[in-house]
Amino acid sequence: MGAPSSLETLVMTNNCFGGGIASCLQNCSLETIDLAGNSFTGGLPLWIGSDESPLAVLQLRSNFLTGHIPQQLCNLSQLHILDFAHKNFSGTIPKCFK
């Protein structure tokens, strides 16, 4: 079972959720994703930066995500808040985030 496609705000801060970020969320029109203070692992899913995304707030601080910050995040024209504090990302920050 997937997330409802009409879901616009997902706030699940300070829980004990772990594993990867659920791919079923890519079918939602999320404007806010706040998963701070959990135990999510792996890389940042590329679907988060899809061209059609209305995402304005992405808060993933204090998890265990690794890898690179995907260039696809540059596609998020509505993005106003990006919080990756306390992460183990590597590589360069995409140039669109001057």
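This section describes the cysteines, a buried asparagine and the largest pocket of a predicted model.

The cysteines were examined for covalent pairing. A disulfide is a covalent bond between the sulfur atoms of two cysteines. One disulfide is found in a search of the whole structure. The bond links cysteine 74 and cysteine 96, with a sulfur-to-sulfur distance of 1.9 Å. The link is left-handed, the angle about the S-S bond being -80°. Cysteine 74 is located in the loop between strand 6 and strand 7 (81-83), whereas cysteine 96 belongs to the segment after strand 8 (88-90), so the pair ties together parts that are 22 residues apart in sequence. Both partners are partly exposed: the relative accessible area is 27% for cysteine 74 and 39% for cysteine 96.

Other cysteines lie outside this link. For cysteine 16, the closest cysteine sulfur is that of cysteine 24, at 20 Å, which is too far for a bond. Cysteine 16 is also exposed, its relative accessible area being 77%. Cysteine 24 likewise takes part in no disulfide, and the nearest cysteine sulfur, belonging to cysteine 28, is 6.7 Å away. Because a disulfide requires sulfur atoms within 2.5 Å, the separation of 6.7 Å between the sulfurs of cysteine 24 and cysteine 28 does not qualify. Cysteine 24 is partly exposed, at 26% relative accessibility.

Asparagine 63 was considered next. This residue is placed in the loop between strand 5 (57-59) and strand 6 (64-68). With a relative accessible area of 4%, asparagine 63 counts as buried, because that value falls under 20%. Its side chain takes part in polar contacts with the backbone of two residues. A polar atom of the asparagine 63 side chain lies 3.0 Å from the backbone nitrogen of phenylalanine 40, and the side chain also reaches the backbone oxygen of leucine 60, at 3.1 Å. When neighbours within four places in sequence are left aside, the residues in contact with asparagine 63 are Leu35, Ala36, Gly37, Asn38, Ser39, Phe40, His86 and Lys87. Phe40 thus appears both in this set of contacts and as the residue whose backbone nitrogen faces the asparagine side chain at 3.0 Å.

The largest pocket encloses about 170 Å³ of space. It is lined by 13 residues, of which Gln26, Cys28, Ser50, Ser53 and Pro54 are the closest to the pocket centre. In terms of residue class, the lining of the largest pocket comprises eight nonpolar, four polar and one charged residues. Cys28, one of the residues closest to the centre, is also the cysteine whose sulfur is nearest to that of cysteine 24.

Technical notes: Residues are numbered from 1 along each chain as its sequence is written. This is a predicted model: local features need pLDDT of at least 70, side-chain atom pairs count only at pLDDT 80 or more; totals for chains, interfaces and linings use all residues. Side-chain values use heavy atoms; hydrogens and water are left out. Helices (H or I, at least four residues) and strands (E, at least two) are DSSP runs, numbered from the N terminus. Buried means under 20% relative accessible area, exposed over 50%, partly exposed in between (1.4 Å probe, protein chains only). A polar contact is a pair of N or O atoms within 3.5 Å; within protein, one must be able to donate a hydrogen and the other to accept it, and residues adjacent in sequence count only if both atoms are side-chain atoms. Contact means heavy atoms within 4.5 Å. On a 1 Å grid over the protein atoms alone, a cavity is a set of points where a 1.4 Å probe fits but cannot get out, and a pocket is an open set with protein on both sides within 12 Å along at least five of seven lines; lining residues have an atom within 4 Å of a point. Grid points are joined across faces, edges and corners, and a volume is the space filled by probe spheres set on the points. Ala, Val, Leu, Ile, Met, Phe, Trp, Tyr, Cys and Pro count as nonpolar, Asp, Glu, Lys and Arg as charged, and the others, Gly among them, as polar.
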